[in-house]
Amino acid sequence: MKLIRFDEGRIGIVAEGDRVIDVSDVVGPDLPGSPPVAMNRLIDMYAQYEPILKKRALSASTSLSLDAVRLLAPVPAASKVIAYPVNYDDHAREMGQSVRAPAQGFFLKPPSSLSGAGEPIVLPAIDASRRVDHECELAIVIGKRGRDIPREKWQEHVFGYSCLIDVVVRGKEERVARKAFDTFCPMGPWIVTADEVGDPSRLRGRLWVNDELRQDANNRDLVLDIPGMVEMASQVMTLEPGDIIAGGTPAGVGPIKPGDRVRIEFERVGSMVIGVVQGDSGRGPLFRQPA
Ligand code: MN
């Protein structure tokens with residue numbers, strides 16, 4: 001099943017022919033002014049909701065065109081976005097890094113950096129010479145709470161997958177600060193449940209800026225594989241339903257600028273095109289200097 005958040009925080013499923021069926025009445029929509037936890041709840045209670053949603057998909061009398069809705073971050077109230085920074089050899093080489101994810105571990109991006117397929121990347125108003133890069137990554141969405149999850153049990157804890165762009169200001173400041181701006185974590189266009197993807201260890205992922213292919217890689221080249229990422233993160237933190245793991249980027253990272261259109265695609269997962277605009281936020285001492 002393909003699950004979306006759209007418009008004012010409604011929950012939908014995407015059926016045949018890219019038709020959106022609003023299932024907010026089943027799940028309960030996000031409420032204005034409250035933390036947007038509807039998708040977390042759906043993920044947590046999916047075993048109960050799945051048969052109801054499948055029935056609705058077959059019987060719904062009304063649907064919307066996917067093109068006519070505004071796609072939002074699928075799970076904006078993820079308790080954490082766990083990101084593996086050096087998880088492809090070719091990317092480690094292009095960055096001059098000698099360590100790899102199994103020894104380096106992970107960092108966190110704030111959930112406030114999440115945005116959806118219908119929202120642009122908003123570049124901050126920092127020093128104009130600073131480079132803001134795209135990183136093409138697979139998002140792994142956690143379905144079931146767990147701590148110290150052994151790699152053999154990874155599938156019990158993975159709910160689904162999505163495309164994710166890890167946007168970053170290059171430089172020497174703390175990594176989190178450089179990767180935490182609002183809209184620096186576009187994710188979407190939907191969450192596709194794990195049963196529709198099957199084995200995620202051989203997925204091709206690509207990213208284009210405008211029509212230029214910048215990144216083209218396959219998950220088989222991950223240094224730390226998906227079971228290993230679930231295992232490692234859960235050795236440190238309790239993973240919760242809706243938590244997101246960004247699996248790391250291959251070689252080919254490069255700058256984005258206002259007016260660009262960034263397309264990301266993972267086979268059997270989906271694709272989305274994200275615009276890039278210049279924003280007014282972000283002025284201050286931290287990124288005033290050239291890198
Ligand atoms: Mn990354």
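# Talking through the fold, from helix H9 outward

Trainee: Which strands and helices do the buried residues of H9 pack against?
Mentor: Keep in mind that we're looking at a predicted model. The partners of those buried H9 residues include helices as well as strands. The helices are H5 (101–104) and H6 (154–157). The strands are S5 (81–83), S10 (136–142), S11 and S16 (244–246).

Trainee: Is H9 mostly covered or mostly open, and how many of its residues are buried?
Mentor: Go through the helix and you'll find Ile226, Pro227, Gly228, Met229, Val230, Met232, Ala233 and Ser234 buried. That makes H9 mostly covered, and the tally is 8 of its 11 residues.

Trainee: Which residue caps the N-terminal end of H9?
Mentor: Look at the backbone nitrogen of Gly228, which has a side-chain oxygen 2.9 Å away. The residue supplying that oxygen, and so the cap by the 3.5 Å cut-off for a polar contact, is Asp225.

Trainee: Which helix gives the largest share of the largest nonpolar core?
Mentor: That core has 56 residues, and Tyr84, Tyr161, Ile256 and Val269 have the most contacts inside it. The largest share is 5 residues, and it comes from helix H9 (residues 226–236).

Trainee: Which domains does this core draw at least three residues from?
Mentor: The domain assignment splits the protein chain into two parts, bounded at 2–68 and 81–278. The core takes at least three residues from each of them, that is, from domain 1 and domain 2.

Trainee: How far apart are the centres of those two domains?
Mentor: The centres are taken over C-alpha atoms. On that basis, domain 1 and domain 2 have their centres separated by 24 Å.

Trainee: How many residues does each domain put into the contact?
Mentor: Both sides contribute to it. Domain 2 supplies 12 residues, and the count from domain 1 is 11.

Trainee: What does Ile256 touch, leaving out residues up to four places away in sequence?
Mentor: Ile256 is listed with those that have the most contacts inside the largest core. Its one histidine partner is His134. The others are Ile121, Leu123, Val132, Val167, Val209, Val262 and Val276.

Trainee: How many residues are in the other core?
Mentor: This second core lies apart from the one with Ile256. Among its members are Ile21, Val141, Leu164 and Cys185, and the total is 31 residues.

Trainee: Is Lys109 buried or exposed?
Mentor: Lys109 lies in strand S6 (residues 107–109). Its relative accessible area is 2%, and the cut-off is under 20%, so Lys109 is buried.

Trainee: Which side chain does the side chain of Lys109 join in a polar contact?
Mentor: Beyond its neighbours within four places in sequence, Lys109 is in contact with Val81, Asp166, Val167, Lys179, Phe184 and Cys185. Its side chain also reaches the backbone oxygen of Val167 at 3.2 Å. The side-chain partner, at 2.6 Å, is Asp166.

Trainee: How many residues apart in sequence are the parts tied together by Tyr46 and Phe159?
Mentor: Of the 4 aromatic pairs, this one is edge-to-face, at 5.0 Å centre to centre with 90° between the planes. Tyr46 sits in helix H3 (residues 46–59) and Phe159 in strand S11 (residues 158–165), so the pair ties together parts whose separation is 113 residues.

Trainee: Are these two rings buried or exposed?
Mentor: Tyr46 has 10% relative accessibility, and Phe159 has 9%. Tyr46 and Phe159 each count as buried.

Trainee: Is the pair of Phe181 and Phe287 stacked, tilted or edge-to-face?
Mentor: Their ring centres are 5.6 Å apart. The planes meet at 50°, which falls between the 30 and 60 degree cut-offs, so the pair is tilted.

Trainee: Which residue joins Phe181 and Phe287 in one aromatic cluster?
Mentor: Phe181 and Phe287 are both buried. The remaining member of their cluster is Phe184.

Trainee: Which ring does the charged end of Arg263 sit over?
Mentor: There are two such arrangements to look at here: Lys2 has its charged end over the ring of Trp190, 5.5 Å from the centre. For Arg263 the distance is 5.3 Å, and the ring belongs to Trp208.

Trainee: Which peptide bond is cis, with omega near 0°?
Mentor: Look in strand S13, where you'll find Pro189. The cis bond leads into that proline, from Gly188 to Pro189.

Trainee: Where is Asn210, with its positive phi near 55°?
Mentor: Asn210 is partly exposed, with a relative accessible area of 38%. Its place is the loop between strand S14 (204–209) and strand S15 (212–218).

Definitions and conventions
Residues are numbered from 1 along each chain as its sequence is written. This is a predicted model: local features need pLDDT of at least 70, side-chain atom pairs count only at pLDDT 80 or more; totals for chains, interfaces and linings use all residues. Side-chain values use heavy atoms; hydrogens and water are left out. Helices (H or I, at least four residues) and strands (E, at least two) are DSSP runs, numbered from the N terminus. Buried means under 20% relative accessible area, exposed over 50%, partly exposed in between (1.4 Å probe, protein chains only). A polar contact is a pair of N or O atoms within 3.5 Å; within protein, one must be able to donate a hydrogen and the other to accept it, and residues adjacent in sequence count only if both atoms are side-chain atoms. Contact means heavy atoms within 4.5 Å. A nonpolar core is a set of buried Ala, Val, Leu, Ile, Met, Phe, Trp, Tyr and Cys residues joined through side-chain atoms within 4.5 Å. Domain bounds come from an automatic or database domain assignment. Rings of Phe, Tyr and Trp (its six-membered ring) pair if their centres lie within 6.5 Å; planes under 30 degrees apart count as stacked, over 60 as edge-to-face and the rest as tilted. A charge sits over a ring if NZ of Lys or CZ of Arg is within 6 Å of the ring centre and within 35 degrees of the ring normal.
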